[in-house]
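Trainee: I should like to learn how to read the packing of two helices in a model. Might we work through one case together?

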Amino acid sequence: MPKSSSLAAPAEGAKVPPMHPNPYAAVVLLSGGQDSATCLAWSQKRFQRLHAITIDYGQRHHIELGAAVEIAKRAGVPQSVIPCDSFRALGGNSLTGSEAVLGGVRDDNHLPNTFVPGRNLVFITLAAAFAYQRGITEIVTGVCQTDYSGYPDCRADTMVALQESLRKGMEFPVTVHTPLMHLSKAETVKMMIEYGKLDLLAWSHTCYNGAVPPCGTCPACELRAKGFREAGVIDPLVARVGG
Ligand code: ZN
C-alpha cells in the first residue's frame with residue numbers, strides 16, 4: 001500500500017458527481033493533536049490513498065495548525081488547510097476567544113469552557129463536502145467518548161446521527177470512521193507503538209494553553225500525561241521539547 005499519493009482535486013468549477021465512489025481512499029481530519037495524528041496512522045494502515053484536511057477555525061493557538069502541517073509532512077500525506085473563521089465571531093469559549101481555560105465545568109451547560117458548540121459537526125460536514133467533491137466516501141475523525149472532556153459532539157450516537165444526516169443531505173454513501181471512540185488515551189498510545197508510529201506524536205500539540213513545552217497542568221495536558229503514564233512510555237513530545 002503506498003504511504004501517500006496525491007488525490008486529484010477537481011478542476012475549478014468542475015462538477016464531479018460521485019458516480020464511482022472510491023472505498024480505498026479516505027479524508028482524515030487532522031487537527032494537529034494526539035488523537036488526529038493517531039487517526040492518520042490508523043488510516044495509513046487501512047486505505048490506499050489519504051488526504052488530510054486541517055480546519056483553520058481561528059483557534060487561539062496557531063501552533064496547533066503548525067503541528068498538523070508538520071505531522072502530515074512527516075507522514076507523507078497530502079494536506080489541505082480549510083479556512084472556517086466563524087467560530088471566533090460566535091464567541092463564548094476559551095479556544096477561540098480570550099477567556100482563560102478553566103478546570104471543571106460551566107454552571108449553565110455543565111460543559112468545560114473549552115467546548116466550541118457545533119465545532120465537530122461543522123468540521124465533519126466540511127470533510128464530507130471535501131470528500132464528495134473527490135468521490136471519496138470514507139472520513140476519519142479522532143473523536144472519542146472514553147476519556148473525552150464531556151463534549152456531546154464527540155459521542156458515538158452523535159456521530160451515527162451526523163453520518164445519517166450527511167448521507168441524506170448529500171445523497172452520498174459517506175461513512176464516518178471513529179477508530180478512537182471507545183479507546184482510552186493509553187490504548188491509543190499503544191496503538192501508535194504497535195504501528196511503529198509513536199514518533200509522529202512528538203510533533204503533535206495538545207496543550208490548551210498553547211505552551212511548548214506543554215504546561216502540564218491544563219486538562220488536556222493532564223489527560224495526555226495520564227495516557228502515556230498508563231501506557232508505560234515516555235511522551236515523545238516531552239522527550240523532544242521537555243516539559
Ligand atoms: Zn497544557
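Mentor: We shall go from the whole chain to one pair of helices. Please note that this is a predicted model.

Trainee: How many helices and strands does the protein chain have?

Mentor: The protein chain has eight helices and five strands, and their order along the sequence is β-α-β-α-β-α-α-β-α-β-α-α-α. Of its 243 residues, 39% count as buried.

Trainee: At what angle do H4 and H5 pack?

Mentor: Helix H4 covers residues 119-133 and helix H5 residues 156-170; they pack at about 40°, with their axes 11 Å apart. Angles under 35 degrees count as roughly parallel and 65 to 115 as roughly perpendicular, so H4 is oblique to H5. The crossing of the two helices is right-handed.

Trainee: Which residues in H4 and H5 meet?

Mentor: From H4 come Leu121, Ile124, Thr125, Ala128 and Tyr132, which meet Leu162, Leu166 and Met170 of H5. The residues of this contact comprise seven nonpolar, one polar and no charged.

Trainee: Why do the residues of one helix face recur at intervals?

Mentor: An α-helix has 3.6 residues a turn, so residues three or four places apart point the same way. In H4, the buried residues are Asn120, Phe123, Ile124, Ala127, Ala128, Ala131 and Tyr132.

Trainee: What span should H4 have, and how far apart are its end C-alpha atoms?

Mentor: At 1.5 Å a residue, the 15 residues of H4 should span 21 Å, and the end C-alpha atoms are 21 Å apart, which agrees. After H4 comes glycine 135, with a positive phi near 70°.

Definitions and conventions:
Residues are numbered from 1 along each chain as its sequence is written. This is a predicted model: local features need pLDDT of at least 70, side-chain atom pairs count only at pLDDT 80 or more; totals for chains, interfaces and linings use all residues. Axes are lines fitted to C-alpha atoms, for helices over the stretch in contact, and angles run from 0 to 180 degrees between N-to-C directions. Helices (H or I, at least four residues) and strands (E, at least two) are DSSP runs, numbered from the N terminus. Angles under 35 degrees count as roughly parallel, over 145 as roughly antiparallel, 65 to 115 as roughly perpendicular and the rest as oblique. A crossing is left-handed if the near helix is turned anticlockwise from the far one by less than a right angle, and right-handed if clockwise. Two residues are in contact if their C-beta atoms, placed from the backbone, lie within 7 Å. Ala, Val, Leu, Ile, Met, Phe, Trp, Tyr, Cys and Pro count as nonpolar, Asp, Glu, Lys and Arg as charged, and the others, Gly among them, as polar. The expected span of a helix is 1.5 Å times one less than its number of residues. A residue is buried if 20 or more other C-beta atoms lie within 10 Å of its own, exposed if 12 or fewer, and partly exposed in between; C-beta atoms are placed from the backbone.
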